[in-house]
Amino acid sequence: MNLLDQLAINFDLPILDWIAEHLHCGVLDRLMPLITVLGNGGIFWILLSVTFMLIPKYRKAGFSMAIALLMGLLICNLSLKPLVARIRPYDFQLQNFGKSIPLLIAAPHDYSFPSGHTIASFEAAVALLIRDRKLGMGALALAVLIAFSRLYLYVHYPTDVLASVV
């Protein structure tokens, strides 16, 4: 058993299972899939950065966000995901324990580490925070919600999300 598997069993899965057992409810079951969509492909953050680039007052923030998003794409999706090749937690549960996890969204079929939703959200939010504290704090709150949605939906391990925040 490799280090990532041991980490999953001893740290990640107990947290995901606790969230599933104690936090799932009808309202969040409807809300979390909607929140996670905001991180899909970084589209929300890309559109926000383009919008800011069109507004002279926020142009520098928009460019900063765009550069951060591009760096995240190169580092996260094109480099780390295929290099680490960590399977998703619902697949890990099925392969190792025969436990089928019901998902509230369509199952992603790429690798789990790192969380692209979380990286895109935090890099854009932090870039905005550096340029505009008030808007950046709102973006940061949304980034936290998107990151948590990935755990709630059982599509990422907590260590995927934590590493992505860093």
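A polar contact is taken here as a pair of N or O atoms within 3.5 Å; within protein, one must be able to donate a hydrogen and the other to accept it, and residues adjacent in sequence count only if both atoms are side-chain atoms. The structure is a predicted model, in which local features need pLDDT of at least 70 and side-chain atom pairs count only at pLDDT 80 or more, whereas totals for chains, interfaces and linings use all residues. Residues are numbered from 1 along each chain as its sequence is written, and side-chain values use heavy atoms, with hydrogens and water left out.

By the first criterion, the side chain of S112 makes a polar contact with the side chain of D160, at 2.3 Å. S112 lies in the loop between helix 5 (89-97) and helix 6; helices are DSSP runs (H or I, at least four residues; strands are E, at least two), numbered from the N terminus. S112 has a relative accessible area of 0% and is therefore buried (buried means under 20% relative accessible area, exposed over 50%, partly exposed in between, with a 1.4 Å probe and protein chains only). Apart from neighbours within four places in sequence, S112 is in contact with K81, R86, I87, R88, P89, V155, H156, Y157 and D160, where contact means heavy atoms within 4.5 Å.

D160 belongs to the buried residues of helix 8 (residues 158-165), which are P158, T159, D160, V161 and S164. These buried residues of helix 8 pack against helix 1 (3-22), helix 6 (116-131) and helix 7 (133-152). In helix 1, P14 has its C-alpha 9.9 Å from that of P158, although the two are 144 residues apart in sequence. P14 counts as partly exposed because its relative accessibility is 40%. Not counting residues up to four places away in sequence, P14 touches A8 and I9.

Salt bridges were assigned where a side-chain nitrogen of Lys or Arg is within 4 Å of a carboxyl oxygen of Asp or Glu. The count by this rule is 5. One of these salt bridges joins R86 and D12, with the closest N and O atoms 2.8 Å apart. This pair links distant parts of the chain, R86 being in the loop between helix 4 and helix 5 and D12 in helix 1, 74 residues apart. R86 is buried at 5% relative accessibility, and D12 is buried at 0%. D12, R86 and D160 are linked in a network of salt bridges.

A further salt bridge is formed by the side chains of D17 and K99 (3.7 Å, N to O). D17 lies in helix 1 and K99 in the loop between helix 5 and helix 6, so the pair ties together parts that are 82 residues apart in sequence. D17 is buried, at 18%, whereas K99 is partly exposed, at 36%.

The side chains of R88 and D110 also meet in a salt bridge (2.4 Å, N to O). R88 is in the loop between helix 4 and helix 5 and D110 in the loop between helix 5 and helix 6, 22 residues apart. R88 is buried at 2% relative accessibility, while D110 is partly exposed at 41%.

On the surface, I67, L70, M71, L73, L74, I75 and L78 form a nonpolar patch with about 680 Å² of accessible area together. Patches are made of residues with over 30% relative accessible area and no salt bridge, like charges being joined within 9 Å and nonpolar side chains (Val, Leu, Ile, Met, Phe, Trp, Tyr) within 5 Å. Within this patch, L74 is found in helix 4 (residues 59-84) and is partly exposed, at 44% relative accessibility.

Key. Accessible areas come from the Shrake-Rupley method with a 1.4 Å probe; for residues, only the protein chains shown count as cover.
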